[in-house]
Amino acid sequence: MDKSESIILRGNCSNRDHLMSNDLMDLSNVRVLLCDTDAESCQEVLALLKKCCYQVIPVSSAVDALDALNSRGPCIDIILAEASLLISNGAKIFNFIKLDINLKHIPVIMMLDEDEVPLVLKGLVLGATDYLVKPFSSIELMNLWTHMKRNSTKLVY
């Protein structure tokens, strides 16, 4: 993955409440960590996300994903990741996210190919917020921000 593809994050990372103050979202303020081990697929999804105006941090391995979460975690709004990458290695990425107070609020959306649909339940049990089956359209990606809205309005008992 070409590191130059990453869009540089600017501004204050604690600005989530301001981002979601209206029902309409300025997608250019939403930061997506894109985790995909397939270079061609990653480029396609990256192009769709950029078309929707999201800020994107693309990574191509579990190690790169963990590095990005360590260095930019609190600034990431959504994680869009290949299901097999999330579930592999004993669900190391899910566990890392769940155990970090600064990360556990971030919605994790799994990307699956049609033949990977049996992974949906496993991913949801491990902590995924939702899933998308490839190929998907820019309209589906344009609505990713709604997961941020849903997470911010969950009631705590």
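## Ile79 and its neighbours

Let's start with Ile79 in this predicted model. Skip the residues within four places of Ile79 in sequence, and you'll find Ile79 in contact with Leu33, Cys35, Leu69, Ile97, Ile106, Pro107, Val108 and Ile109.

Another core lies apart from the one we'll look at next. That other core has 21 residues, and among them are Val30, Val32, Ile78 and Ile109.

## The largest nonpolar core

Which residues touch the most other members of the largest nonpolar core? They are Leu33, Cys35, Leu69, Ile79 and Ile93, out of 27 residues in that core. So Ile79, our starting point, turns up again here.

Several elements each give two or more residues to this core. On the strand side, look for β1 (31–35), β2 (55–59), β3 (78–82) and β4 (108–112). The helices on the list are α3 (62–72) and α4 (83–99). Helix α4 gives the most, with eight residues.

## Leu66 in helix α3

Now find Leu66, which sits in helix α3. Is Leu66 buried or exposed? Its relative accessible area is 13%, and the cut-off for buried is under 20%, so Leu66 counts as buried.

Leave out anything up to four places away in sequence, and Leu66 touches Lys92, Ile93 and Phe96. You can also check Leu66 against Ile97: they are 31 residues apart along the chain, yet their C-alpha atoms are separated by 9.1 Å.

## Gln55 in strand β2

Over in strand β2 you'll spot Gln55. Gln55 has a relative accessible area of 13%. Because anything under 20% is called buried, Gln55 is buried.

What does the side chain of Gln55 have beside it? One of its polar atoms lies 2.8 Å from the backbone oxygen of Ser28.

## The whole chain

Time to zoom out. How many helices and strands are there in the chain? There are seven helices and five strands. If you read along the sequence, they follow the pattern α-β-α-β-α-β-α-β-α-β-α-α.

The chain has 157 residues, and 44% of them count as buried. Its accessible surface comes to about 8,500 Å², with 55% of that belonging to carbon and sulfur atoms. As for contacts, take those between residues at least 6 apart in sequence: 70% of these join residues at least 24 apart.

Key: Residues are numbered from 1 along each chain as its sequence is written. This is a predicted model: local features need pLDDT of at least 70, side-chain atom pairs count only at pLDDT 80 or more; totals for chains, interfaces and linings use all residues. Side-chain values use heavy atoms; hydrogens and water are left out. A nonpolar core is a set of buried Ala, Val, Leu, Ile, Met, Phe, Trp, Tyr and Cys residues joined through side-chain atoms within 4.5 Å. Buried means under 20% relative accessible area, exposed over 50%, partly exposed in between (1.4 Å probe, protein chains only). Helices (H or I, at least four residues) and strands (E, at least two) are DSSP runs, numbered from the N terminus. Contact means heavy atoms within 4.5 Å. A polar contact is a pair of N or O atoms within 3.5 Å; within protein, one must be able to donate a hydrogen and the other to accept it, and residues adjacent in sequence count only if both atoms are side-chain atoms. Accessible areas come from the Shrake-Rupley method with a 1.4 Å probe; for residues, only the protein chains shown count as cover.
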